[in-house]
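Hello,

Here is the structure you asked about. Please open it next to this email and follow along.

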Amino acid sequence: MALSPTQMERYSRQLLLKEIGGAGQTRLLQARVVVVGAGGLGSPAACYLAAAGVGQLILADDDRVELSNLQRQILHTTDRIGQAKTDSAAQALQALNPDVQVIPFTQRVTQETVDGLVQQGDLLLDGSDNFATRYLLNAACFRAGKPLVSAAVLGFEGQLSVFRHGVDNTAPCYQCLYPHPPAPEATPTCRSAGVLGAVTGILGAWQAAEAIKALLGVGDSLAGSLLLVNVLHGQIQRIRITKNPDCPLCGAGSG
Ligand SMILES: [Zn+2]
């Protein structure tokens, strides 16, 4: 697939990067990424993936745009309050880059729908805001053999990792790190404890970068590492994580 003159101009700044170039750009244009959540993480992630020319974005969200979303969910606008987030996001992303096909998935991610969703992408980017969805996506990526770019934010802090447990059976998964979901009443959420919009921007943009690296097979993946970011104190930590032999999903006794 040859790039058109318009595409040569649109992507010129990343065509200059030796890690991307014409071959990498063609690969991005043919790639499919599932983004779960068109919210605080999904907004910047989907914007940067669309801007970079990732050919197909499958966007999963069943919420509607609310006024209190706009402090961080930069895909949406004041005049789109009340619209389905997937519709609002599709409008924003299509306006940003008509090369990109946005496929809305306006349903809840459940045990019944998750496998069909994960099948649609080459990799999955988790921008969900709850533990139930994170565990569902982690298990579905394991079954489908797809990489999972995961992040979570709260307050001024965030964490990020890439899980390649579906692709590489020596790699840890989300559940190796957190074997059991916490009780919902014991976990603070952005709704109950707050979050700085810029923090979701940093983590979501970093997820997009990890997704692009994984699609192109360049750089050092965060797989096997957990990145802990504290924006309030200006600190970043990268810690090693390993496969947990007792993991309920991918451990030796789980088969
Ligand atoms: Zn595991």
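**What I found**

Start with Leu-49. Setting aside neighbours within four places in sequence, Leu-49 is in contact with Val-33, Val-35, Val-54, Leu-57, Leu-125, Ala-208, Ala-211 and Ile-212. Keep in mind that this is a predicted model. Leu-49 sits in helix α4, which covers residues 42–51. Is Leu-49 buried or exposed? Leu-49 counts as buried because its relative accessible area is 0%, and the cut-off for buried is under 20%. One of its contacts, Ala-211, is 162 residues away in sequence. In space, the C-alpha atoms of Leu-49 and Ala-211 are 8.3 Å apart.

Next, look at the sheet. It is open and has eight strands, in the order β3-β2-β1-β4-β5-β6-β7-β8, with mixed pairing. The edges are β3 (101–105) and β8. Each has a single partner strand, so one side of each has no neighbour in the sheet. On average, neighbouring strands are turned by 15° against each other, ignoring direction. Strands β6 and β7 (residues 225–230) pair in the antiparallel sense, over four bridges. Within this pair, Gly-158 has Val-229 in β7 as its bridge partner.

Two helices go with the sheet. Helix α5 (residues 85–96) packs on it and touches β2 (56–60) and β3. The direction of α5 makes about 175° with that of β3. Helix α10 (residues 197–216) lies across β1 (32–36), β4 (123–126), β5 (148–154), β6, β7 and β8. Helix α10 runs at about 170° to β5.

Now find the zinc ion. Which residues coordinate the zinc ion? They are Cys-173, Cys-176, Cys-247 and Cys-250, each through SG, at 2.3 Å. The site is tetrahedral, with angles of 94 to 117° among the four donor atoms. In sequence, the donor residues are spaced C-x2-C-x70-C-x2-C. Distant parts of the chain are linked here: Cys-173 is in the loop between β6 (157–163) and α8 (174–177), and Cys-247 is in the segment after β8 (235–240), 74 residues apart. Cys-173 is buried, at 0% relative accessible area. Cys-247 also counts as buried, at 2%.

Finish with Thr-133, in helix α7 (residues 131–144). Thr-133 counts as buried, at 8% relative accessibility. Its side chain makes a polar contact of 2.7 Å with the side chain of Asn-130. Beyond its neighbours within four places in sequence, Thr-133 is in contact with Val-36, Val-109 and Ser-128.

Best wishes

Terms used
Residues numbered from 1 in each chain as written. Predicted model: local features only at pLDDT ≥ 70, side-chain atom pairs only at ≥ 80, totals over all residues. Heavy atoms only, no water. Donors = N, O, S within 2.8 Å, 3.2 Å for Na, K, Ca; no water. Tetrahedral: all angles 85-135°; square planar, octahedral: opposite > 155°, others 65-115°. Buried < 20%, exposed > 50% of the residue type's maximum accessible area, 1.4 Å probe, protein only. Polar contact = N/O pair within 3.5 Å; in protein donor to acceptor, adjacent residues only side chain to side chain. Contact = heavy atoms within 4.5 Å. Pairing = 2+ DSSP bridges. Axes fitted to C-alpha atoms, helices over the stretch in contact; angles between N-to-C directions.
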